[in-house]
Amino acid sequence: MTTSFSESLRNATWADHQSAESEGYLTELMAGRLSEHEYGEMVAQHYFAYTALDGVSRELAGHPVAGRFVFPELYREPALERDLATVYGPRWRERITPSASTEALVARIRETAGWPGGYIAHHYTRYLGDLSGGQFIRMELQKIYGYARGGGVDFYFFDELGSLPRFKNEYRSRLDALELDENERQRVIGEVKRAYRLNTDVLAELFHTVRAAA
Ligand code: HEM
């Protein structure tokens, strides 16, 4: 039996996922050991990364290959704005800045606007994660900080998608339908690994910041 591309991609990058998942910042966050403002630091970094990712999605919406992964229902900017306003109040914009790791991630996301496979790699790493482990993260955050819909964890709500398992299946079938030769498959897998690393670096920098403040 041949392995589908979506399965190969997952298998080839699962160790990278485990490194991301076990980053100290997330461990502290999930254990309820961070203040609401410290949680907001991650929301702020997400804001910059998703502004870039969603911007590239808009640019590539009409592209015959990359466009198959553009879903306006996934755009996160408005939800992140509500979350930031909930955590930091109406003047949230004045207190957030991208970290060095976020700037590196954003620069790479922007570069992939010229390479559909690279864009898909970053898109997959973020959105399939938000639709998977992200749902668990949201439930934990709701318990810890008491957020309801409307701000705080809106980033993790994807109401317009309907059933998340169904959407993820559709997404995986789009990955499987990509016409990639072996060399390009390996390049995409390599970019997913890079995306995990860049995202993990953001978390590591956040951990450093919250530890320094402790
Ligand atoms: C507390 C942190 C996390 C937990 C508990 C977690 C948990 C999970 C779980 C259980 C799945 C499998 C769900 C399924 O099979 O449907 C999953 C999938 C995934 N996660 Fe995470 N995750 C975490 C953090 C992250 C982070 C930080 C990223 C990205 C930077 C990420 C990216 C992904 C991706 C891309 C998938 C889809 C893999 C695939 O099926 O191809 N996750 N996560």
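This report describes the surroundings of the ligand in a predicted model.

The ligand occupies the largest pocket. Two or more residues of the shell around the ligand come from each of these elements: α1 (5-21), α6 (116-130), α7 (133-145), α8 (164-176) and α9 (182-213). There are 19 residues around the ligand, and those that come nearest are Arg10, His17, Tyr124, Lys168 and Arg172. Sorted by class, the shell consists of 8 nonpolar, 6 polar and 5 charged residues.

For three side chains, the table gives the distance between a ligand atom and an N or O atom of the side chain.

| Side chain | Ligand atom | Distance |
|---|---|---|
| Arginine 10 | oxygen | 2.6 Å |
| Histidine 17 | nitrogen | 2.9 Å |
| Lysine 168 | oxygen | 2.9 Å |

Arginine 10 belongs to helix α1. With a relative accessible area of 38%, arginine 10 is partly exposed, because the buried class ends at 20% and the exposed class begins over 50%. The side chain of arginine 10 also has an N or O atom 2.6 Å from a ligand oxygen.

The UniProt record, an unreviewed entry, lists Arg10, His17, Tyr124 and Arg172 under "binding site". Of these residues, Arg10, His17, Tyr124 and Arg172 are included in the lining of the largest pocket. Arg10, His17, Tyr124 and Arg172 are also among the residues that come nearest to the ligand in the model. Lys168 is another of the residues that come nearest, and a nitrogen or oxygen atom of the lysine 168 side chain is 2.9 Å from an oxygen atom of the ligand.

Technical notes. Residues numbered from 1 in each chain as written. Predicted model: local features only at pLDDT ≥ 70, side-chain atom pairs only at ≥ 80, totals over all residues. Heavy atoms only, no water. Near = heavy atom within 4 Å. Polar contact = N/O pair within 3.5 Å; in protein donor to acceptor, adjacent residues only side chain to side chain. 1 Å grid on protein atoms, 1.4 Å probe; cavity = no way out; pocket = protein on both sides within 12 Å on 5 of 7 lines; lining within 4 Å. Sits in = over half its atoms within 2 Å of the grid points. Helix = DSSP H or I, 4+ residues; strand = E, 2+ residues; numbered from the N terminus. Nonpolar A, V, L, I, M, F, W, Y, C, P; charged D, E, K, R; others polar. UniProt positions renumbered as here; feature names shortened; annotations may be inferred. Buried < 20%, exposed > 50% of the residue type's maximum accessible area, 1.4 Å probe, protein only.
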